[in-house]
Structures are given as structure tokens and as C-alpha cells.
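Biologist: I am new to this structure and would like a close look at a single part of it. Could you take me through one sheet, and then through what surrounds it?

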Amino acid sequence: MKKNFKIFSGTANHHLAQKVAKRLGVELGKSEIVRFADGECRARVEEEIGSGTVFVLQSLCPPVDENLMELCLLANTLKRNGAQKLIAVVPYLGYARQDKVHRKGECLSAEIVAKIIESVGFEKIITFDVHSEKALRFFKIPTENLSANTVLAEAIRPSLQLRVREGKAPSECTVVAPDKGAMNRAREIAKVISAQASFIEKERDLLTGGLKIRWIKGEVAGQKIVICDDMITSGGTLVLAAQYLKAKKAEKIFACAVHPLLVKNAKRDLMESSIAKVFVTDTIPIAKEKMFAKLEITTVAPLIASAIENSV
Ligand code: R5P
């Protein structure tokens with residue numbers, strides 16, 4: 001049966017877009033994205049658009065600004081070629097950390113990015129585990145913030161090998177948020193795997209980016225630990241949290257995060273850390289050279305496919 005929607009993809013996560021299209025039984029829309037020698041981008045659609053809803057899948061991961069520009073240019077050409085309703089599927093919404101003016105004199109980047117995305121004709125944006133809900137409030141169009149917490153929790157469960165508990169006996173596992181901002185995520189993941197949740201009090205120096213851990217709520221000695229965060233950027237937060245938890249005599253430490261940015265020395269530092277396994281999703285593609293044995297990737301394609309079906 002002919003579907004009344006089309007999915008186009010930028011170059012940021014073509015592989016994920018293909019998985020989503022396959023689940024939905026459609027081919028990805030044909031488009032061409034070229035870069036001129038000076039870095040300028042040009043997008044072109046190579047098929048009739050029709051009257052259905054058009055989805056454009058593109059993460060705002062590195063190269064962030066180039067990927068943002070591709071998203072905008074694709075939207076522009078789709079609109080020009082007759083798209084009636086455009087929906088942006090942005091599995092990783094970059095710039096969401098800049099959701100407020102942290103220091104006097106700074107710009108409000110998340111607001112500008114929201115305005116740019118709206119200005120090219122998108123009528124809705126679907127994203128995952130946005131760093132800050134506040135960043136979504138800058139959009140005037142509807143936003144849908146999906147969560148990968150359950151798929152991550154299910155991916156981790158077999159490695160934990162938790163015993164079946166009698167009655168209300170405490171779990172041998174604690175899900176730890178590496179800062180208060182990740183506490184809801186820790187609670188949700190803990191609920192799925194029947195563990196308890198806790199958090200670390202972390203402090204980041206806004207000038208140097210340096211991290212300090214003050215304390216953890218509760219006891220972790222002898223526990224299996226899952227540290228959970230929304231993203232892994234340099235890996236510093238997870239590695240520091242793991243060192244701290246190891247010093248507090250945690251038995252075995254796992255980590256999970258939705259968005260694997262894995263910049264700087266993340267691969268080396270995570271490999272050398274006491275973290276046994278790192279679970280992430282494919283909201284951001286991971287280049288071959290950034291892969292490492294402890295890394296396990298779970299796809300969010302089924303969640304995106306359902307969101308697309310529900311949005312048509
Ligand atoms: C910050 O608040 C985020 O939720 C993450 O904790 C942060 O981006 C992780 O960065 P890194 O891996 O560089 O410590």
C-alpha cells in the first residue's frame with residue numbers, strides 16, 4: 001500500500017534513517033547533498049514530493065553547524081517542491097545545553113536554533129532526551145521529546161545478572177545520576193530494572209570545564225552500579241563518577257547515555273576506566289575509529305518509526 005508520507009535524511013545519520021524507513025516499509029526519499037570546495041552546502045530533492053507529510057531526519061551532532069545547515073536547506077528545497085507539512089526528526093538536538101545565559105554577555109543559542117528550525121517551514125520537531133526541556137520551550141511549533149531510557153534499561157539488564165528478590169528486599173543494584181539533572185532518568189531506568197536510584201553532586205567550572213564530585217546520596221558499597229547520563233561528551237563525567245564510586249567500594253560499574261558524542265579522548269578514557277560496559281544509542285552515529293570493545297549500541301529506530309506513524 002502506498003504510504004502517505006516520505007522520509008528524507010541529511011548526512012548526519014543516514015544509517016539510522018535507513019533503519020527507520022525499513023521498519024516503516026518505505027524507501028528513503030531521494031536527495032542530493034553536495035559540498036562545494038569552500039564548504040558551502042547545496043541540497044536538492046530528486047523525486048516528486050506528493051501531498052503527504054514529509055519528515056527530515058538529521059541530528060545536530062558534530063559537525064553541528066554543518067548538520068544544522070543541511071537540515072535547513074533540505075527543508076527549503078522540500079517546501080519549494082511542494083511539501084505541505086514538514087516535520088523535523090532530530091534525534092540529537094545540539095545547542096540544547098545553551099538553554100540559558102550562563103554568564104553575563106553570552107548569547108542564547110538554544111533560542112536561535114529553535115527560531116532557525118521554525119523559520120525554514122518545519123511544523124513540528126521530534127527529538128530524543130533533550131538535554132534541557134527549557135530548550136524546547138523556545139519552539140513555537142509543537143515538540144515531541146521521546147525517551148530512550150526504557151530501551152537502554154532493557155539493553156543493560158542482561159549484563160547486571162540481578163537475583164530475583166523476595167518481597168521488598170533492596171536491590172543489589174543502584175542507578176546513579178552523575179548530577180541532579182539526570183535524576184529523573186536514573187529513576188526511570190531504576191524502575192525498569194527494579195533497582196534503586198541515587199545521585200552524585202557534581203560541580204563544573206564554567207570557565208575551565210573542570211569537574212568536581214562532592215558526595216553521593218546513599219550507600220553504594222558492594223552494589224552493582226549503572227551511571228546514567230543524557231550524553232557522553234568527553235567522557236569526563238562518567239570516568240570521574242566511576243572513580244568516585246570505585247573508591248566507595250562499588251562492586252561493578254556500568255554506564256549508559258543516550259547520545260554518544262564521544263569527543264576528545266572519550267574512547268581512551270572510557271576504555272581505561274573501571275566501567276565494565278558503556279551502553280549508548282544510535283541517535284548519533286559512531287565512527288569506526290571511535291568504537292571500542294566495552295561499547296554497546298542500541299537502536300532507537302523503532303521509537304522513531306512509531307513517532308512517525310503517530311504524526312502522519
Ligand atoms: C551535562 O550537563 C550533560 O548532561 C553531561 O553530563 C555532559 O555533557 C557530559 O560531558 P562529559 O562527557 O564531557 O563529561
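Modeller: What follows goes from the strands to the helices, then to the ligand and the cysteines. Please keep in mind throughout that this is a predicted model.

The sheet is an open one of seven strands, and if you follow it from one side to the other you meet them in the order β10-β9-β8-β11-β12-β13-β14, with pairing that is mixed. At the edges lie β10, covering residues 211-216, and β14, covering 295-298, each of which pairs on one side only. Between neighbouring strands of this sheet there is a turn that averages 25 degrees, when direction is ignored. In general, the strands of a sheet pair through backbone hydrogen bonds, and they may do so either parallel or antiparallel. One pair to look at in detail is β8, residues 173-177, with β9, residues 196-204, which run parallel and are joined by four bridges. Within this pair, V176 has S198 of β9 as its bridge partner.

Two helices can now be placed against the strands. Helix α6, made of residues 183-192, lies across β8, β9, β11 (224-232) and β12 (252-260), and its direction is at about 160 degrees to that of β9. Helix α7, residues 236-247, lies across β8, β9, β10, β11, β12 and β13 (275-281), running at about 40 degrees to β10.

Turning to the ligand, 14 residues surround it, and the closest are D229, D230, S234, G235 and T237. For D229, an N or O atom of the side chain is 2.5 Å from an oxygen atom of the ligand. The side chain of R97 also places an N or O atom 3.1 Å from a ligand oxygen, while in T233 a backbone N or O atom lies 2.9 Å from an oxygen atom of the ligand.

The cysteines complete the picture, and a search of the whole structure finds zero disulfides. Take C256 to begin with: it is in no disulfide, and the nearest cysteine sulfur, in C228, is 5.1 Å away, whereas the cut-off for a disulfide is a pair of cysteine sulfur atoms within 2.5 Å. C256 is also buried, with a relative accessible area of 0%. As for C72, its sulfur is too far from any other cysteine sulfur for a bond, because the closest one, in C41, is 10 Å away. C72, too, is buried, and its relative accessible area is 7%.

Notes: Residues are numbered from 1 along each chain as its sequence is written. This is a predicted model: local features need pLDDT of at least 70, side-chain atom pairs count only at pLDDT 80 or more; totals for chains, interfaces and linings use all residues. Side-chain values use heavy atoms; hydrogens and water are left out. Two strands pair if DSSP finds at least two bridges between them. Axes are lines fitted to C-alpha atoms, for helices over the stretch in contact, and angles run from 0 to 180 degrees between N-to-C directions. Contact means heavy atoms within 4.5 Å. Buried means under 20% relative accessible area, exposed over 50%, partly exposed in between (1.4 Å probe, protein chains only). A residue is near a molecule or strand if one of its heavy atoms lies within 4 Å of it. A polar contact is a pair of N or O atoms within 3.5 Å; within protein, one must be able to donate a hydrogen and the other to accept it, and residues adjacent in sequence count only if both atoms are side-chain atoms.
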